[in-house]
Amino acid sequence: MNILKSVKEMMTYLTEAAGRMFVVSDDMYPAVGTQPFEGTPNKDPRWKH
């Protein structure tokens, strides 16, 4: 019986993982784009581009 229980738990674990992979994402991230650079560039001559 213990082997059957282990197999059942393993199959449940795998099917739940597969289900999470193929579900539409429900993440609620804010809609933020690229932010413009508003600083001053480094004028130090030791800095090489």
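**Buried residues.** I started by asking what share of the chain is buried. In this predicted model, buried residues make up 0% of the 49 residues. A residue has to be under 20% relative accessible area to count as buried, so I kept that cut-off in my head while going on.

**Overall build.** Next I looked up how many helices and strands there are. I got one helix and zero strands. The helix is α1, and it covers residues 2-21. I also put a box around the C-alpha atoms, along the principal axes, and it came out at roughly 75 × 30 × 10 Å.

**Surface.** The accessible surface of the chain is about 5,600 Å². Carbon and sulfur atoms account for 63% of that.

**Y13 and its patch.** I picked Y13, which sits in helix α1. Is Y13 buried or exposed? Its relative accessible area is 57%, and exposed means over 50%, so Y13 counts as exposed. Then I checked which residues share a nonpolar surface patch with Y13. They are I3, V7, M10, M11 and L14. Together with Y13, they have about 640 Å² of accessible area.

**F37.** I moved on to F37, in the segment after α1. F37 has 65% relative accessibility, so it lands in the exposed group. How far is F37 from A18, C-alpha to C-alpha? I got 41 Å, for two residues that are 19 apart along the chain.

**D27.** D27 also lies in the segment after α1. Why is D27 called partly exposed? Because its relative accessible area is 44%, and partly exposed runs between the 20% and 50% cut-offs. I paired D27 with E9, 18 residues away in sequence. Their C-alpha atoms are 28 Å apart in space.

**Charges.** Last, I looked at the charges: the chain has 6 positive and 6 negative ones. The mean positions of the two groups are 9 Å apart.

Note on methods
Residues are numbered from 1 along each chain as its sequence is written. This is a predicted model: local features need pLDDT of at least 70, side-chain atom pairs count only at pLDDT 80 or more; totals for chains, interfaces and linings use all residues. Side-chain values use heavy atoms; hydrogens and water are left out. Patches are made of residues with over 30% relative accessible area and no salt bridge: like charges are joined within 9 Å, nonpolar side chains (Val, Leu, Ile, Met, Phe, Trp, Tyr) within 5 Å. Accessible areas come from the Shrake-Rupley method with a 1.4 Å probe; for residues, only the protein chains shown count as cover. A salt bridge is a side-chain nitrogen of Lys or Arg within 4 Å of a carboxyl oxygen of Asp or Glu. Helices (H or I, at least four residues) and strands (E, at least two) are DSSP runs, numbered from the N terminus. Buried means under 20% relative accessible area, exposed over 50%, partly exposed in between (1.4 Å probe, protein chains only). Lys and Arg count as positive and Asp and Glu as negative; His and the chain ends are not counted. The place of a charge is taken as NZ of Lys, CZ of Arg, CG of Asp or CD of Glu.
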